[in-house]
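Visitor: I should be grateful for a close look at a single part of this structure, namely its enclosed and open spaces and the helices around them. Please take me through that part in one connected account.

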Amino acid sequence: MTRNQAPGRGRRAADWADGRLGIHTLARANLRKVFPDHWSFMLGEICLYTFLIIILTGVWLTLFFKPSMAEVVYHGSYVPLKGVPMSEAYASTVDIGFEVRGGLLIRQIHHWAAVVFVAAMFVHMMRVFFTGAFRKPREVNWLFGFLLLFLGMLDGFLGYSLPDDLLSGTGIRFIEGVLLAVPLVGSYLQMFLFGGEFPGHDVVPRFFSVHVLLVPGVMVALLVAHLILVFHHKHTQWAGPGRTERNVVGMPLMPVYLAKAGGFFFLVFGVIALVSAVATINPIWAYGPYRPDQVSTDAQPDWYMGFAEGLIRVMPGWEVGLAGHTLNLGVLIPFALFPVVLGAVAAYPFVEAWLTPDGRERHLLDRPRDAPVRTALGAAWISLYLVMLAGGGNDLIATHLHLSLNAITYAVRIGALAVPVAVFVITKRWCLGLQRRDRDKVLHGRETGVVRRLPHGEYTEVHAPLAPAELHRLTAPERPRPLELPARVDENGVARPAGALTRVRARLSRGLHGEHARIAGPTAEEYRGITRGHGH
């Protein structure tokens, strides 16, 4: 455009929008933001893309689903259910699968995307946990991610409860029993949820409103806040040459990263569509409509609710009488333990920050082996989850493997106490062994297979020095020191012991960062001395 030529319509529209919204300034500041390139960072993208797929397919399904428990008689095209009385919710879900063109595929994509979303969130959070990406200044973002995982699990339960089939009705009955076990207010909670005696006529409409409006709205707000904080903070990265706590080495958001992200979205969508087309999930037409006097033999929740199911199934059926009331401890204790376990996951970043003295910002990731206690805690938690998941499917394990149901239940009870402890010890020792191997590799270098005879007759293998990038990666970790007990001196100059809380904090800090949780790195003198001996 020449100096005297008037700007075109597009330029005028862009200037108008920028003058009122600041789009150009915002884009110029963020579109060139650098993101590191590593496959593990794509786990968070899978969470984002599956969430978008859930929203898109969920909006389509609401056009055909009827959230009503009014009774109708089915006269659709699925012959085995003809003449069977059912709720409008169940009938409309069957019609989506057999009457609406493409409806079954969309519903399968919606359900599979929900399962993959929770799985991706779980794996993504474990990646963040094991690498220490939750440390300052990202503790709040960890909470946002945790809430997204929890709400995803809750919305998944609400979603597969909407069809009012025999499987989902059994799950809702399970929730009713848990609510009734709550002392004093249990019956009020049950009345508030169901609007009367179970199953009532309001549970599906209420679940529908929460499933499509309340929970997704909160999740969208949390997701936006999560992404804003990701942009605001420098992105974490793995240690390497040229990478420090003050910079980020990678690719700009525009155009490289956005092009790769767009292609990855269609890859994720394609895989989920393929799985949905060839693997059926939640075939409600095979279960039939819910009836309070029937229970499906294979009644199992989605995998992410198996932990809660396992807690209930393996807990002994204890009951205690108190002031004329019966406390069902067999349900109440697992119901109270489930949020305690989740709360511990949410609070861990703040606990580690409390036990770490320096308080500096951390932008370089840890290798799991460089934080043995944290890695062992994460592995122990995963092992507990898997044991409880097996407990939640104890009936299927018994029937498919022809084992005793009681034997499986007792094995899960013992395993819930013993397996996490064993996994913690093994994982910690494993990490320390890997640290020793890294130390030897730094000192001795890479084995070449060439044997040399020294002048005095000794035979030794020639070791080649590591590449600079590999050497930097193995020597980069900077491990925090444990807290030291502060000296307390009163006004008379007499030394006083530290308070009980301070002593507990110092002891826990030594357990997390102490000498038994690390292998000392090689010194420069050791490296020079041993490399001369290997003939580098």
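Guide: The second largest cavity is lined by M69, D164, G169, I172, F194, F198, P199, V203 and Y290. The model in which this cavity appears is a predicted one. The space enclosed there amounts to about 40 Å³. By class, its lining comprises seven nonpolar residues, one polar residue and one charged residue. The charged class takes in Asp, and Gly is counted as polar; D164 and G169 are both members of this lining.

Two of these lining residues, I172 and F194, also take part in a helix contact, that of α7 with α8. The axes of α7 and α8 cross at roughly 145 degrees and come within 7 Å. On the α7 side the contact is made by I172, I175, E176, L179 and L180. On the α8 side it is made by G186, S187, L189, Q190, L193 and F194. Seven of the residues in this contact are nonpolar, three are polar and one is charged. The loop between α7 and α8 contains L184. The phi angle of L184 is near 70 degrees, a positive value in a residue other than glycine.

Helix α7, which spans residues 166-180, leads on to the largest pocket, where α7 is among the helices that supply at least two lining residues each. Indeed, α7 gives the most to that lining, with 10 residues. The other helices that supply at least two residues each are α5, α6, α8 (186-194), α9 (203-232), α12 (306-314) and α13. The largest pocket holds about 1,400 Å³ of space. It is lined by 46 residues, and those closest to its centre are F157, G171, F174, I175 and M305. I175 thus has a place in this lining as well as in the contact of α7 with α8. The lining of the largest pocket divides into 33 nonpolar, seven polar and six charged residues.

The structure holds two cavities of 30 Å³ or more. The largest cavity has a volume of about 180 Å³. Among the 16 residues that line it, F122, L149, M153, L342 and W381 are the closest to its centre. This lining consists of 16 nonpolar residues, with no polar and no charged ones. At least two lining residues are supplied by each of α5 (103-131), α6 (139-161), α13 (329-355) and α14 (372-392).

Between α5 and α6 there is a loop that contains P137. A cis peptide bond joins K136 and P137, with omega at about 10 degrees.

The other two helices that contribute to the largest cavity, α13 and α14, also pack against each other, at an angle of about 175 degrees and with their axes 13 Å apart. The pair is therefore roughly antiparallel, as angles over 145 degrees are so classed. In this contact V341, V345, Y348 and E352 of α13 meet R374, L377 and W381 of α14. W381 accordingly appears both here and among the residues closest to the centre of the largest cavity. The contact of α13 with α14 has five nonpolar residues, no polar residues and two charged residues.

A further open space remains to be described. The second largest pocket has a volume of about 900 Å³. Of the 38 residues that line it, G44, H226, L227, V230 and H235 lie nearest its centre. Helices α3, α5, α6, α9 and α10 each supply at least two residues of the lining. The largest share, seven residues, comes from α9. The residues of this lining divide into 25 nonpolar, nine polar and four charged.

Two of the contributors to the second largest pocket, α3 and α10, pack at an angle of about 60 degrees, with their axes 10 Å apart. That angle makes α3 oblique to α10. The crossing of α3 with α10 is right-handed. From α3 (residues 42-62), the contact takes in M42, E45, I46, Y49, T50 and I53. From α10 (residues 253-278), it takes in Y257, A261, F264, F265, V268, F269 and I272. By class, the contact of α3 with α10 comprises 11 nonpolar residues, one polar residue and one charged residue.

Terms used. Residues are numbered from 1 along each chain as its sequence is written. This is a predicted model: local features need pLDDT of at least 70, side-chain atom pairs count only at pLDDT 80 or more; totals for chains, interfaces and linings use all residues. Side-chain values use heavy atoms; hydrogens and water are left out. On a 1 Å grid over the protein atoms alone, a cavity is a set of points where a 1.4 Å probe fits but cannot get out, and a pocket is an open set with protein on both sides within 12 Å along at least five of seven lines; lining residues have an atom within 4 Å of a point. Grid points are joined across faces, edges and corners, and a volume is the space filled by probe spheres set on the points. Helices (H or I, at least four residues) and strands (E, at least two) are DSSP runs, numbered from the N terminus. Axes are lines fitted to C-alpha atoms, for helices over the stretch in contact, and angles run from 0 to 180 degrees between N-to-C directions. Angles under 35 degrees count as roughly parallel, over 145 as roughly antiparallel, 65 to 115 as roughly perpendicular and the rest as oblique. A crossing is left-handed if the near helix is turned anticlockwise from the far one by less than a right angle, and right-handed if clockwise. Contact means heavy atoms within 4.5 Å.
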